[in-house]
Amino acid sequence: MAGFTLWSRPFYLLCPKSAGYQAVTATPTAASDATPTSGPLAIELRGIDKRFGAVHANKHIDLKVARQSIHGIVGENGAGKSTLMSILYGFYEADQGDIFVGGQKVSIHSSNDAIAHGIGMVHQHFMLVDNFTVIENVMLGAEGAAMLQAGREKVRKDLKHLSDEYGLTVDPDAIVSELSVGLQQRVEILKALYRGAEILILDEPTGVLTPEEADNLFKILRQLRDQGKTILLITHKLREIMAVTDEVSVMRRGAMVATLQTAKTSPSEIAEQMVGRRVLLEVEKGPPNPTETALEVKNLTVRDKFGVDRVKNVSFVVRRGEIVGIAGVSGNGQSELLEAVSGIVPPASGSVVINGQTLSHTGDPAEARHMGLGHVPEDRLRMGLVKNFEENENSVLGYHDQDDIGGAVVLDVDAVRNHAKAQIEKYDIRPPNCRLKTANFSGGNQQKIVIAREMEQDPDVLLVGQPTRGVDIGAIEFIHKQLIAMRDAGKAVLLVSVELDEIFGLSDRILVMCGGEIVGERLPDQTDENEIGLMMAGIDGAAGAEAAE
Amino acid sequence: MSRGELPRWVDYGLIPLLNLAAAFLVAGLVVIAVGENPLEAVELMLFGAFGYGEGFGFTLYYATNFIFTGLAVAVAFHAGLFNIGGEGQAYVAGLGVAIVCLLLDRFVPWWITAPFALMAGAAFGAFWAFVPGYLQAKRGSHIVITTIMFNFIAAALMTYMLVNVLRQPGSMAPESRTFEEGGRIPRIDWLFEWFGGNLGGAQTNISLFLALIMAFAVWVFIWRTRLGYRMRTLGQNPTAAVYAGMRPPRLIMIAMAISGGLAGMMALNEIMGVHGRLILEFAGGAGFVGIAVALMGRAHPVGIVLAALLFGALYQGGAELAFSMPSITRDMIIAIQGLVILFAGALEGLFRPAIVRIFDAMRDARKRGNDAPQAAE
């Protein structure tokens with residue numbers, strides 16, 4: 001929801017009086033013993049209804065969240081989960097319906113009200129001031145007095161308590177921008193706990209985390225639950241639901257369609273509820289039929305502006321008719337590799353050969369496209385799209401100089417729009433309106449805009465970075481099918497993803513990157529996630545085994 | 001239309017008008033404070049700006065300058081650049097226009113001089129903006145700093161040229177010789193006479209049409225050309241521009257040159273249309289007013305033409321008001337103009353949240369009204 005992030009920051013800055021740390025009085029019980037629904041309810045929503053103009057975002061939602069449980073809320077993008085949580089956290093007010101917290105009917109008009117009722121939220125996009133220290137961020141909005149010293153000491157003491165109690169260790173004097181994403185998230189959680197949150201809402205918390213960081217987060221969440229907190233986890237990753245929740249509620253098109261006990265359900269059942277039909281979690285694909293080399297990367301080294309080698313002497317080939325997956329923990333040189341191969345960043349040394357032609361050393365994305373390269377970048381909003389453009393304007397980005405959309409000087413707007421309409425139809429981009437601002441499309445549809453654009457140019461080599469990041473299940477299935485279809489049409493596909501499922505599901509060969517180097521190559525049916533995971537982590541055993549081979 | 005968005009007529013019509021009304025309300029309080037009747041002041045101002053041929057002529061003459069400089073700011077703005085050097089670019093462009101006029105005016109009619117003068121002016125202005133553009137693109141010097149510095153350099157350069165090079169021998173005035181007929185562009189008395197008006201002493205000339213043509217040309221350029229597309233991409237998302245194979249340094253230099261060229265065209269109005277010679281400080285702050293005009297006009301040519309007309313009216317009506325109401329000094333007129341800039345530019349978002357809320361509520365209510373019969377079924 002575009003308005004959501006826009007609105008949330010100022011509200012967050014309005015956080016109330018120093019709520020301080022409140023000792024947890026409830027005796028920790030093993031939540032797994034108790035059937036969650038039979039316990040006292042932390043939150044109950046009755047008949048929540050919300051419309052935004054023509055959109056009926058929440059249709060008479062009932063939800064019961066047991067105390068001391070981790071309750072997952074899943075649904076595709078646009079299913080209404082964020083709206084529901086925003087109502088609970090006071091960003092929006094429901095048109096109808098009641099909210100009960102701890103059995104008491106409450107009215108929540110702002111995030112201040114929510115915090116006063118012990119509801120804290122960890123946003124998908126962190127609300128942290130990058131150049132402040134952890135302490136300064138935690139006390140933001142609850143400074144206590146005009147002079148900061150007293151407040152700072154209090155926060156330091158309370159942070160110590162919190163980290164002892166929940167294992168949430170963070171250096172209180174570290175500058176936030178110097179912390180890893182996982183630790184930054186920890187700061188967000190601490191912020192909420194510091195304000196006395198008993199109920200924590202986490203919105204897509206693992207979107208930015210590496211698998212290890214995600215596991216760590218789950219550990220923390222379990223610990224918080226066992227210490228008496230209630231956790232609402234919004235996600236569309238079924239793996240996480242299965243891994244960490246006690247109960248899961250499924251939303252589809254604004255309605256709450258099911259609440260299931262996680263232990264008694266399966267990913268495919270949840271997926272079916274989410275999409276309203278059977279979904280193929282595993283992509284069906286035939287054996288690959290690789291032919292000649294389409295992309296060759298030779299001894300490629302990429303240096304960043306600080307003089308650090310991010311990609312170190314990497315060589316590999318991708319043949320027509322195969323998908324080569326690059327697995328790796330995010331930040332191990334995959335992004336730089338993609339940028340060098342696509343010509344965005346000039347390599348320090350080495351070369352990129354596309355269709356037999358060597359890309360110039362200065363790096364030129366236009367040249368790479370001419371040679372037959374398509375590139376679905378890792379971060380669509382940062383690189384692949386201009387969010388304030390109309391959809392049709394983005395449908396030609398990178399191909400804006402082609403002859404079929406205008407003359408030497410003039411851009412033929414009608415041709416561009418027709419172009420966009422054809423893509424919208426073929427790739428089922430919704431809503432089917434090429435004049436709509438790109439920012440108003442959901443994440444999955446934005447990704448489809450990029451994928452449609454790159455695939456419709458019929459490239460011989462397709463680079464794909466994180467094709468399904470922040471994309472809902474239905475769209476994931478579609479995108480995966482498209483990638484397989486590209487392969488079967490005899491194209492070379494290089495896939496970079498931090499989702500191991502995706503790497504295993506799509507790749508015909510897997511390269512593992514760690515520390516800027518390719519540490520090994522495996523065939524998906526001759527390895528497993530454990531081995532790849534170890535290689536990704538740079539564990540010597542795996543790399544040693546590779547060297548021994 | 002999704003929540004939080006407004007219909008175009010509200011965005012581009014109602015909100016600017018509300019801002020304007022607020023500016024005049026505060027300005028009215030100032031007028032009351034000095035003991036004059038604000039309604040009378042408004043009447044004087046409106047009459048001065050629109051009420052008779054000569055007044056309206058002057059309004060259009062000012063607006064011509066503001067259209068050029070407003071367009072200049074807008075073009076750079078679409079490429080993500082803040083060109084605040086329109087003043088210096090226009091000023092230096094005057095040199096180009098004057099040189100052409102001094103060379104040709106004795107030999108050819110105006111309609112031969114004018115195109116060359118226009119090109120020279122645009123080229124001089126473009127050069128004056130290209131250099132900061134180059135420094136930004138290749139050396140990373142911030143465009144805001146360099147363009148404002150170039151305003152000072154322009155002022156010094158022009159003073160030198162007028163005092164030491166172009167001054168008539170024996171004359172005390174730092175100005176070039178007055179051009180002959182071949183160096184003057186015609187006034188548009190005929191247009192006023194059509195409507196039964198009289199241009200009087202106003203120097204409104206055909207550069208007004210050039211300004212309107214350029215406004216249309218800028219619209220075509222920004223929204224209908226490949227180069228304009230590249231510039232908008234650069235302005236909105238530089239990373240995406242690189243990804244798409246565009247070359248930001250080149251685009252920055254081109255955008256600045258076009259911006260400077262547009263600012264430079266203003267010199268045609270002043271030098272060939274009004275003064276008939278090159279004089280000191282002829283740009284008279286129009287380069288800076290262009291910033292406010294572009295802001296108020298939302299960097300859209302139609303908005304810019306309207307905003308330029310408003311500021312032209314403020315200039316002309318304000319001068320008239322200062323003349324007729326001695327207690328309202330020229331400085332107070334400037335204060336009123338400042339209020340308009342403040343409310344229309346800097347406080348653009350003042351009324352927006354409230355209006356968005358009203359519209360959302362209206363939409364919700366309408367929606368509920370539409371749904372009610374269905375719900376009953």
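In strand S8 of chain A, A:Ile231 is the bridge partner of A:Leu200. That pair is a handy place to start looking around this predicted model. The two strands behind it, S7 (residues 199–203) and S8 (residues 230–235) of chain A, pair in the parallel sense over 5 bridges.

**Two sheets in chain A**

S7 and S8 belong to an open sheet of 6 strands in chain A, ordered S6-S7-S8-S3-S9-S10 and mixed in its pairing. Its edges are strand S6 (119–122) and strand S10 (255–261) of chain A; each has a single partner strand, so one side of each is left without a neighbour in the sheet. Direction ignored, neighbouring strands here are turned by 20° against each other on average.

Chain A holds another open sheet of 6 strands, this one in the order S16-S17-S18-S13-S19-S20, again with mixed pairing. Here strand S16 (373–376) and strand S20 (517–522) of chain A take the edge positions, and because each has a single partner strand, one side of each lacks a neighbour in the sheet. Neighbouring strands of this sheet are turned by 20° against each other on average, direction ignored. S16(A) pairs with strand S17 (residues 461–465) of chain A in the parallel sense over 4 bridges, and A:His375 stands opposite A:Leu463 in S17(A).

As general background, the strands of a sheet pair through backbone hydrogen bonds, in either a parallel or an antiparallel sense.

**Helices lying across the sheets**

Several helices of chain A lie across these strands, as listed here.

| Helix (chain A) | Strands it lies across (chain A) | Approximate angle |
|---|---|---|
| H6 (residues 181–194) | S6 and S7 | about 165° to S6(A) |
| H9 (residues 267–275) | S3 (70–74), S9 (247–252) and S10 | about 30° to S9(A) |
| H18 (residues 529–536) | S13 (322–327), S19 (509–514) and S20 | about 30° to S19(A) |

Taken as a whole, chain A has 19 helices and 20 strands. Of its 549 residues, 47% are buried. Among its contacts with a separation of 6 or more, 69% join residues 24 or more positions apart.

**The nonpolar core**

Which residues touch the most other members of the largest nonpolar core? In this core of 264 residues, they are A:Val512, B:Leu71, B:Val97, B:Ala255 and B:Phe311. Leaving out residues up to four places away in sequence, A:Val512 touches A:Ala327, A:Gly328, A:Ile518, A:Val519, A:Gly520, A:Ile532, A:Met535 and A:Met536.

**A helix pair in chain B**

Over in chain B, the axes of helix H5 (residues 110–139) and helix H6 (residues 143–166) come within 9 Å and cross at roughly 145°. The crossing of H5(B) past H6(B) is right-handed. On the H5(B) side, the residues that meet H6(B) are B:Trp128, B:Val131, B:Pro132, B:Leu135 and B:Gln136, while H6(B) brings B:Ile143, B:Thr146, B:Thr147, B:Phe150 and B:Ala154. By class, this contact has 7 nonpolar, 3 polar and no charged residues.

**Where the chains meet**

How many residues does each chain bring to the contact? Chain A gives 28 residues and chain B gives 21 residues. On the chain B side, helix H9 (226–236), helix H10 (238–243) and helix H15 (352–376) each supply at least two residues. H9(B) provides the largest share of that side, with 5 residues. Sorted by class, the side of chain B that touches chain A has 6 nonpolar, 8 polar and 7 charged residues.

Notes: Residues are numbered from 1 along each chain as its sequence is written. Chains are lettered from A and ligands numbered from 1 in the order in which they are written. This is a predicted model: local features need pLDDT of at least 70, side-chain atom pairs count only at pLDDT 80 or more; totals for chains, interfaces and linings use all residues. Two residues are in contact if their C-beta atoms, placed from the backbone, lie within 7 Å. Ala, Val, Leu, Ile, Met, Phe, Trp, Tyr, Cys and Pro count as nonpolar, Asp, Glu, Lys and Arg as charged, and the others, Gly among them, as polar. A nonpolar core is a set of buried Ala, Val, Leu, Ile, Met, Phe, Trp, Tyr and Cys residues joined through C-beta atoms within 7 Å. A residue is buried if 20 or more other C-beta atoms lie within 10 Å of its own, exposed if 12 or fewer, and partly exposed in between; C-beta atoms are placed from the backbone. Two strands pair if DSSP finds at least two bridges between them. Axes are lines fitted to C-alpha atoms, for helices over the stretch in contact, and angles run from 0 to 180 degrees between N-to-C directions. A crossing is left-handed if the near helix is turned anticlockwise from the far one by less than a right angle, and right-handed if clockwise.
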